[in-house]
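This note is for a colleague opening the structure for the first time. Please keep the view at hand while going through the numbered points.

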Amino acid sequence: MAGITNAAYRQLCREQGAGLYVCEMITSRGIVERDAKTLDMLQFDPGESTRSVQLYGTDPYYMAEAAKILCGDFGVGHVDMNFGCPVPKVTRKGGGAALPWKRDLMEAILRAVVNAAEPYAVPVTCKTRKGIDDDHLTYLDAGRIAEQAGISAIALHGRTAQQAYSGTADWDAIAALVDHVDIPVLGNGDIWEAADALRMIEHTGAAGVVIGRGCLGRPWLFRDLADAFAGRPTRTLPTSGEVATMVRRHAELLAGLMTEQRGCADLRKHMSWYFKGFPVGGDIRRNLGMISSLTELDDHLSRLDPDLPYPVEEFGKPRGRQGSPRSKVALPEGWLADTCGLDLELSGAEIGVSGG
């Protein structure tokens with residue numbers, strides 16, 4: 001959720017319901033080299049009782065050093081490692097969802113980060129995918145390696161890198177991983193509503209769920225999830241006016257985190273998600289996607305009919321990126337020849353990373 005789950009959006013979601021809200025993915029080299037843009041992403045609001053960061057990297061040394069900085073200098077209380085990015089420019093360099101194929105390298109990274117976080121009593125988790133494609137699955141080995149390395153829990157996105165975000169998540173694979181390891185397994189993929197989370201838990205036996213695209217434009221999903229896990233059947237159906245109030249709150253939080261102009265610019269990408277399915281009109285949609293001030297936002301929101309009912313036909317539908325499966329996954333030459341990677345130079349895989 002790079003570019004989405006900054007401190008403002010995490011606060012907005014936390015105001016809706018309980019959960020652990022993770023900072024957008026950050027590269028280890030950016031932290032260690034004290035890159036200003038990277039460090040600027042490490043912002044937390046006072047209400048975050050547990051500062052949680054998703055860390056990305058391909059080198060055990062840099063990952064460990066980054067973990068030390070996160071725990072020691074930024075008070076981070078949970079480190080999650082991402083081995084799930086399917087973006088071609090990342091897998092082509094051996095990073096993201098390609099890296100678990102190199103079992104020894106993944107183990108070295110996991111052990112290095114666990115050891116670095118141990119003096120601070122900070123738990124370390126990781127996230128991965130099923131594998132590169134259906135012929136090169138890695139998730140069972142990744143689970144075994146994670147358990148042996150001292151990882152506290154592992155999240156599995158039930159898709160391969162080849163699938164990217166297309167098709168259907170394989171919940172059977174999540175169930176298989178639950179049976180394969182003794183550490184908690186968290187399920188990820190195709191949770192669009194609270195009822196989906198309950199079905200996944202029942203189907204897989206997972207200890208919990210990880211939400212990604214399902215919360216885009218719907219921070220109230222976490223209210224429904226908290227109620228569902230507490231046995232309270234809730235389905236939030238906000239009117240267009242209630243969504244507008246949520247958008248205004250999001251804008252305020254972004255303006256406080258950045259500046260008003262930068263915050264409004266950042267909010268633009270959320271507009272299509274917030275009003276997905278609402279018949280608000282093309283002009284209003286275009287204007288909301290071009291705001292540069294809170295005054296402009298208020299003006300455009302005031303033109304909305306506040307009584308439009310929630311478009312229930314959008315329930316259960318995918319949100320955000322989807323696309324089609326790739327013909328093949330971009331990988332370094334000879335990547336699949338063996339599963340050893342400790343001697344490889346993969347620093348190029350940390351350039352321009354986004355996704356998970």
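1. A contact here means heavy atoms within 4.5 Å. The model is predicted. By the contact criterion, Thr-138 touches Pro-100, Trp-101, Arg-103, Arg-129, Lys-130 and Gly-131, leaving aside residues up to four places away in sequence. Thr-138 sits in the loop between β6 (136-137) and α7 (139-149). Its relative accessible area is 1%, so Thr-138 is buried.

2. Overall form. The protein chain comes to 15 helices and 9 strands. Its C-alpha trace spans about 60 × 45 × 40 Å along the principal axes. The radius of gyration is 20 Å, which agrees with the value near 21 Å for a compact globule of 356 residues. Of the 356 residues, 55% count as buried. Among contacts with a separation of 6 or more, 74% are between residues 24 or more positions apart.

3. The largest pocket. Its volume is about 980 Å³. The lining is made up of 45 residues, and Leu-20, Val-209, Val-210, Ile-211 and Gly-212 lie nearest the centre. By class, the lining has 23 nonpolar, 14 polar and 8 charged residues. At least two lining residues come from each of α1, β1 (22-27), β3 (78-83), β4 (124-129), β7 (153-157), β8 (185-188), β9 (208-210) and α10.

4. Strand β9 and Gly-208. Gly-208 is found in strand β9, and β9 is one of the elements that supply at least two residues to the pocket lining. Is Gly-208 buried or exposed? Gly-208 is buried, since its relative accessible area is 11%. Beyond residues up to four places away in sequence, Gly-208 touches Val-185, Leu-186, Gly-187 and Ile-201. Asn-188 is 20 residues from Gly-208 in sequence, and the C-alpha atoms of the two are 9.1 Å apart in space.

5. Helix α10. This helix covers residues 221-229, and its buried residues are Leu-221, Phe-222, Asp-224, Leu-225, Asp-227 and Ala-228. Against which helices do they pack? The buried residues of α10 pack against α1 (7-14) and α9 (194-204). Gly-231, just after α10, takes a positive phi of about 85°.

6. Positive phi outside glycine. Two loop residues can be checked here. Ala-121 has a positive phi, near 55°, and is not a glycine. Ala-121 lies in the loop between α6 (103-117) and β4, and at 68% relative accessibility it counts as exposed. Asp-190, also not a glycine, has a positive phi of about 65°. Asp-190 belongs to the loop between β8 and α9. With a relative accessible area of 14%, Asp-190 is buried.

7. Cysteines. How many disulfides does a search of the whole structure find? The search finds 0. A disulfide is a covalent bond between the sulfur atoms of two cysteines, and the cut-off for the pair is 2.5 Å. Why is Cys-215 not bonded to Cys-13? The sulfur of Cys-13 is the closest cysteine sulfur to that of Cys-215, but the distance is 5.1 Å, too far for a bond. Cys-215 counts as buried, because its relative accessibility is 3%. Cys-340 is also in no disulfide, and the nearest cysteine sulfur, that of Cys-126, is 20 Å away.

Conventions. Residues are numbered from 1 along each chain as its sequence is written. This is a predicted model: local features need pLDDT of at least 70, side-chain atom pairs count only at pLDDT 80 or more; totals for chains, interfaces and linings use all residues. Side-chain values use heavy atoms; hydrogens and water are left out. Buried means under 20% relative accessible area, exposed over 50%, partly exposed in between (1.4 Å probe, protein chains only). Helices (H or I, at least four residues) and strands (E, at least two) are DSSP runs, numbered from the N terminus. On a 1 Å grid over the protein atoms alone, a cavity is a set of points where a 1.4 Å probe fits but cannot get out, and a pocket is an open set with protein on both sides within 12 Å along at least five of seven lines; lining residues have an atom within 4 Å of a point. Grid points are joined across faces, edges and corners, and a volume is the space filled by probe spheres set on the points. Ala, Val, Leu, Ile, Met, Phe, Trp, Tyr, Cys and Pro count as nonpolar, Asp, Glu, Lys and Arg as charged, and the others, Gly among them, as polar. The radius of gyration is taken over C-alpha atoms; the globule rule is 2.2 Å times the number of residues to the power 0.38.
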